[in-house]
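Reader: Hi, I'm new to this one. Can you put it up and walk me through it?

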Amino acid sequence: MELGSGSYECLIEFLDYAKANNINIVFAKFPQIVGREGDEQHKVLLRANKIGEIASEYGYSYINLEQHWDEIGLETYGDFYNMTHLNVFGQKKVTDYLCQYLISEHNLEVSPKKGRIKKNW
(Lines give C-alpha, C1' and ligand atoms only; values in the text may rest on other atoms or scores of the structure.)
Protein backbone atom coordinates (compact mmCIF):
# COMPACT_ATOMS: atom_id res chain seq x y z
CA MET A 1 0.00 0.00 0.00
CA GLU A 2 1.36 3.39 -0.96
CA LEU A 3 1.28 6.41 1.30
CA GLY A 4 -0.74 9.44 0.32
CA SER A 5 1.37 12.10 -1.41
CA GLY A 6 1.19 14.48 1.55
CA SER A 7 2.17 11.75 4.00
CA TYR A 8 5.02 10.58 1.80
CA GLU A 9 6.38 14.10 1.38
CA CYS A 10 6.23 14.77 5.14
CA LEU A 11 7.98 11.49 5.88
CA ILE A 12 10.78 12.21 3.40
CA GLU A 13 11.19 15.74 4.76
CA PHE A 14 11.39 14.34 8.30
CA LEU A 15 13.90 11.65 7.32
CA ASP A 16 16.05 14.15 5.42
CA TYR A 17 16.03 16.49 8.43
CA ALA A 18 16.94 13.69 10.84
CA LYS A 19 19.73 12.46 8.58
CA ALA A 20 21.13 15.97 8.06
CA ASN A 21 21.13 16.58 11.82
CA ASN A 22 22.54 13.16 12.75
CA ILE A 23 19.42 12.20 14.71
CA ASN A 24 18.99 8.49 15.39
CA ILE A 25 15.41 7.22 15.18
CA VAL A 26 13.85 3.83 15.77
CA PHE A 27 10.50 3.42 14.03
CA ALA A 28 8.02 1.07 15.69
CA LYS A 29 4.60 -0.28 14.75
CA PHE A 30 2.69 -1.02 17.92
CA PRO A 31 0.34 -3.99 18.13
CA GLN A 32 -3.32 -3.82 17.30
CA ILE A 33 -5.90 -6.45 16.55
CA VAL A 34 -5.68 -6.75 12.77
CA GLY A 35 -8.90 -7.76 11.10
CA ARG A 36 -9.52 -8.98 7.60
CA GLU A 37 -7.65 -7.90 4.55
CA GLY A 38 -9.03 -4.58 3.37
CA ASP A 39 -10.40 -3.33 6.70
CA GLU A 40 -8.98 -0.20 8.31
CA GLN A 41 -6.70 -2.00 10.80
CA HIS A 42 -5.18 -3.99 7.96
CA LYS A 43 -4.61 -0.80 5.94
CA VAL A 44 -2.89 0.80 8.94
CA LEU A 45 -0.55 -2.20 9.15
CA LEU A 46 0.28 -1.97 5.44
CA ARG A 47 0.98 1.77 5.68
CA ALA A 48 3.18 1.24 8.74
CA ASN A 49 5.16 -1.42 6.90
CA LYS A 50 5.62 0.99 3.98
CA ILE A 51 6.90 3.67 6.37
CA GLY A 52 9.26 1.10 7.87
CA GLU A 53 10.50 0.15 4.41
CA ILE A 54 11.23 3.78 3.53
CA ALA A 55 12.87 4.44 6.92
CA SER A 56 15.06 1.38 6.42
CA GLU A 57 16.22 2.77 3.08
CA TYR A 58 17.46 5.80 5.03
CA GLY A 59 19.32 3.53 7.44
CA TYR A 60 16.88 3.72 10.33
CA SER A 61 15.60 0.76 12.32
CA TYR A 62 12.00 -0.40 12.10
CA ILE A 63 10.42 -2.91 14.45
CA ASN A 64 6.97 -4.22 13.71
CA LEU A 65 5.74 -5.34 17.11
CA GLU A 66 2.83 -7.06 15.36
CA GLN A 67 5.35 -9.79 14.56
CA HIS A 68 6.36 -10.27 18.20
CA TRP A 69 3.07 -11.11 19.94
CA ASP A 70 4.37 -14.40 21.32
CA GLU A 71 7.66 -12.97 22.60
CA ILE A 72 5.80 -10.05 24.17
CA GLY A 73 3.17 -12.38 25.63
CA LEU A 74 0.17 -10.46 24.27
CA GLU A 75 -3.33 -11.84 24.59
CA THR A 76 -6.19 -10.58 22.44
CA TYR A 77 -8.73 -10.46 25.26
CA GLY A 78 -6.48 -9.48 28.15
CA ASP A 79 -4.19 -6.83 26.74
CA PHE A 80 -6.33 -4.60 24.51
CA TYR A 81 -8.73 -1.79 25.31
CA ASN A 82 -10.22 -2.03 21.83
CA MET A 83 -9.12 -3.15 18.36
CA THR A 84 -6.46 -0.47 18.03
CA HIS A 85 -5.31 0.33 21.57
CA LEU A 86 -3.52 -1.65 24.24
CA ASN A 87 -4.81 -1.50 27.78
CA VAL A 88 -2.52 -0.90 30.76
CA PHE A 89 -1.54 -4.60 30.92
CA GLY A 90 -0.65 -4.73 27.22
CA GLN A 91 1.18 -1.40 27.44
CA LYS A 92 3.37 -2.74 30.24
CA LYS A 93 4.24 -5.87 28.25
CA VAL A 94 5.07 -3.90 25.11
CA THR A 95 7.10 -1.31 27.04
CA ASP A 96 9.16 -4.04 28.72
CA TYR A 97 9.77 -5.76 25.38
CA LEU A 98 10.64 -2.54 23.55
CA CYS A 99 13.05 -1.50 26.32
CA GLN A 100 14.87 -4.81 26.06
CA TYR A 101 14.97 -4.46 22.26
CA LEU A 102 16.47 -0.96 22.49
CA ILE A 103 19.03 -2.05 25.06
CA SER A 104 20.14 -5.10 23.11
CA GLU A 105 19.87 -3.86 19.51
CA HIS A 106 20.85 -0.21 19.97
CA ASN A 107 23.31 -0.46 22.84
CA LEU A 108 21.35 1.82 25.14
CA GLU A 109 22.42 1.86 28.73
CA VAL A 110 20.07 1.95 31.67
CA SER A 111 21.23 4.47 34.21
CA PRO A 112 19.91 4.76 37.75
CA LYS A 113 17.66 7.70 38.47
CA LYS A 114 19.36 10.25 40.69
CA GLY A 115 18.58 13.61 42.19
CA ARG A 116 15.95 15.69 40.42
CA ILE A 117 15.16 12.95 37.90
CA LYS A 118 14.40 10.47 40.68
CA LYS A 119 12.27 13.04 42.50
CA ASN A 120 10.26 13.79 39.34
CA TRP A 121 9.61 10.11 38.71
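Author: Sure. Start with D96 and K92, whose side chains meet in a salt bridge, 2.8 Å from N to O. Keep in mind that this is a predicted model.

Reader: Where do D96 and K92 lie?

Author: Both are in helix α4, which covers residues 88–106. They sit four residues apart, about one turn of the helix.

Reader: Why does that spacing suit a pair?

Author: An α-helix has 3.6 residues a turn, so residues three or four places apart point the same way.

Reader: And K92, buried or exposed?

Author: K92 is exposed, with a relative accessible area of 51%. The cut-off for exposed is over 50%. D96 counts as partly exposed, at 38% relative accessibility.

Reader: How many salt bridges are there?

Author: The count comes to four. One of them joins K50 and E53, with the closest N and O atoms 3.2 Å apart. Both residues belong to helix α2, residues 40–57. Their spacing is three residues, again about one turn of the helix.

Reader: How accessible is K50?

Author: K50 has 17% relative accessibility, so K50 counts as buried. Its partner E53 counts as partly exposed, at 41%.

Reader: Which salt bridge links distant parts of the chain?

Author: K29 with E66 does that. Their closest N and O atoms are 3.3 Å apart. K29 is in strand β1, residues 26–29. E66 is in the loop between β2 (61–64) and α3 (69–72). In sequence they are 37 residues apart.

Reader: What about burial for K29 and E66?

Author: K29 is buried, with a relative accessible area of 7%. E66 is buried too, at 15%. Buried means under 20%, so both values qualify.

Reader: Let's stay with strands. What does I63 touch?

Author: I63, found in strand β2, touches F27, A28, K29, H68, Y97, L98 and Y101, leaving aside residues up to four places away in sequence. K29 there is the residue that forms a salt bridge with E66.

Reader: How accessible is I63 itself?

Author: At 5% relative accessibility, I63 counts as buried.

Reader: How far is I63 from F30?

Author: They are 33 residues apart in sequence and 8.7 Å apart in space, C-alpha to C-alpha.

Reader: New topic: helix α1. What span should it have?

Author: Its 16 residues, 5–20, should span 22 Å at 1.5 Å a residue. The end C-alpha atoms are 22 Å apart, which agrees.

Reader: Which residues of α1 are buried?

Author: L11, I12, L15 and A18. Seen down the helix axis, the buried residues of α1 fall within an arc of 130°, so they line one face.

Reader: What covers them?

Author: The cover includes β1 and α2.

Reader: And which residues are exposed on the other side of α1?

Author: S5, E9, C10, E13, Y17 and A20 are exposed there.

Reader: What follows α1?

Author: N22 does, and its phi is positive, near 55°.

Reader: Last one. Which residues form a nonpolar patch on the surface?

Author: I103, L108 and V110 form one. Together they have about 270 Å² of accessible area. I103 is found in helix α4, the helix that also holds D96 and K92.

Reader: How accessible is I103?

Author: I103 counts as partly exposed, at 31% relative accessibility. Patch residues need over 30%, so I103 passes that cut-off.

Terms used
Residues are numbered from 1 along each chain as its sequence is written. This is a predicted model: local features need pLDDT of at least 70, side-chain atom pairs count only at pLDDT 80 or more; totals for chains, interfaces and linings use all residues. Side-chain values use heavy atoms; hydrogens and water are left out. Helices (H or I, at least four residues) and strands (E, at least two) are DSSP runs, numbered from the N terminus. Buried means under 20% relative accessible area, exposed over 50%, partly exposed in between (1.4 Å probe, protein chains only). The expected span of a helix is 1.5 Å times one less than its number of residues. The arc is that of the directions from the helix axis to the C-beta atoms. Contact means heavy atoms within 4.5 Å. Patches are made of residues with over 30% relative accessible area and no salt bridge: like charges are joined within 9 Å, nonpolar side chains (Val, Leu, Ile, Met, Phe, Trp, Tyr) within 5 Å. Accessible areas come from the Shrake-Rupley method with a 1.4 Å probe; for residues, only the protein chains shown count as cover.
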